[in-house]
Amino acid sequence: MTLRLDRIRHQFADADHLLLDDISFILEQGEITCVVGPSGVGKSTLLHIIAGLVLPDGGSVMLDDIALDKVPTHRRPFTLLMQQPQLFAHLDVVDNVAFGLRVRGVGRKDRRESARAWLELVGIAHLEKRAVVNLSGGEQQRVALARALAAEPRVLLADEPFASVDASARHELQTLLLELHSTLGTTILLVTHDDTEARRLAHRMLEMHTGGPVESTLLSRQSRTAPV
Amino acid sequence: MLVLGVQAVSVRWFFPEVIPHSLTLQPLRSTVTDPNVASSFVTGLCLSLAVTSVAIVLAWPAARTLAGVGRGLGAAVVGVLFLPSLLPAVGLAMGVDVMLIRLGLAGTFVGVLLAHLVPTLPYVVAVLTAAFARRDQRIEAQAATLGAGPLQRLRLVTVPSMRGALMVGAALGFVVSWSQYTMTLLAGSGRVVTLTMVLFAALSGGSPSTVAVLSLLVALPAGALLAAAGRMSGDPS
């Protein structure tokens, strides 16, 4: 699997300058790639373009050399983990996690069984029947993570997924993400403004600057902070 | 409601008597089994349910759009929708009737349905616009990234997350349509008879017990729907 961004350009209608100007990079399969850079540089917009939620003014998102320009969001093999968990309040925990399987036509029994396995993996199997509005921020983000992974994406896009929880929960979630990655090997593209988080999680860092090119840095095992 | 309930089963209960002389189910039985009452109840129920359904279908995209254009413009458009309601009921109904005559729909079920939409639609649009404005629109984007197509998003995410507002909008729409008298009388040309019209006719000459039974029958579906809407709007989902 090769995800390649080819000369992406984008400017919002109400802005007076290009937000993304000629952005190109290749995402390495099985790696965690962190996108870092100052606020307003277009990191989240870049993820939204990959997910198909925002159409770029120019350039292409290519998956295995096939342009996804005309592929709608729901047909792209990516899931997006947002800063706010965006859980479906009318569904309980297990049905939230099973959502991606439900829309693919997987039967109720099978999808709930699969969802329970994912809840086990993220350490909240005991919460399966709870209403999501009654969960803590950290628990909600675990549900969102399980839901995103249960949809079996080829790339997990994560937009500052741990920014809305406290420091302790953030650390636990980072550890969980590393553990899940070592088990599953999912390709992850994660946006963060937290340099420490990026150095802890990333195999590769992409640094964005206003209107400038993306700088890619491959982190050696030594330069990554070891999981605690 | 309690007084109406007692009046419905009492015989010759007049001022200044505090309690009725005797109670009987006869007025209740004769009113409920009256074929005119039964048919007007069914006609009114079908009409109000149809008006409510059409109002929701029309209000949904309008409310969604109005919620996205900003609070000021959205409120202004909803305000314009309410303008006809500021007119005297007879004046508004006559204007609508003239239009229905031109369209050849006066005195028909469809004509009355269209006429009822004039006072009903603004309430439904207002309720749904407020609900759409309050909710986080990114929830649909989230569902799309999980593989849900447009119809799946509508069925599995948008409608369930708007359930409370839909119930409140439907209840309000139903009550406004169900209580229309002047509009139904003029637009229906006396050929579309609802329970509210039978009640108004009974008010000028019917026995107090019959009026009480009819009043309870008029209050029943609207009260049940409002109670259900109240319960669902308090639901966290």
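## The chain A sheet

Val35(A) sits across from Leu206(A), a residue of strand 9 of chain A. This is a predicted model, and that pair is a handy way into its sheet. Strand 3 (residues 32–36) and strand 9 (residues 204–207) of chain A run parallel, joined over four bridges.

Step back and you get an open sheet of six strands in chain A, ordered 6-7-8-3-9-10, with mixed pairing. Strand 6 (78–81) and strand 10 (215–218) of chain A are the edge strands, each pairing on one side only. From one strand to its neighbour in this sheet, the turn averages 20°, direction ignored.

## A helix on the sheet

Helix 1 (residues 43–51) of chain A packs on this sheet, where it touches strand 3, strand 6, strand 7 (155–159) and strand 8 (187–191) of chain A. Its direction makes about 150° with that of strand 7 of chain A.

## Where chain B meets chain A

Now for the interface: 20 residues of chain B are in contact with 22 residues of chain A. About 1800 Å² is buried between the two chains, and carbon and sulfur atoms give 68% of that area. Which three residues of chain B supply more of its buried area than any other three? They're Gln142(B), Thr145(B) and Leu146(B), with 37% of what chain B buries against chain A.

As for polar links, four residue pairs are in polar contact between chain B and chain A, both residues at pLDDT 80 or more, while zero salt bridges turn up across the interface. On the side of chain B that touches chain A, helix 7 (138–145) and helix 8 (150–161) of chain B each supply at least two residues. That side has 10 nonpolar, seven polar and three charged residues.

Technical notes: Residues numbered from 1 in each chain as written. Chains lettered and ligands numbered in written order. Predicted model: local features only at pLDDT ≥ 70, side-chain atom pairs only at ≥ 80, totals over all residues. Heavy atoms only, no water. Contact = heavy atoms within 4.5 Å. Buried area = accessible area lost by both parts, 1.4 Å probe. Salt bridge = Lys/Arg side-chain N within 4 Å of Asp/Glu carboxyl O. Polar contact = N/O pair within 3.5 Å; in protein donor to acceptor, adjacent residues only side chain to side chain. Nonpolar A, V, L, I, M, F, W, Y, C, P; charged D, E, K, R; others polar. Pairing = 2+ DSSP bridges. Axes fitted to C-alpha atoms, helices over the stretch in contact; angles between N-to-C directions.
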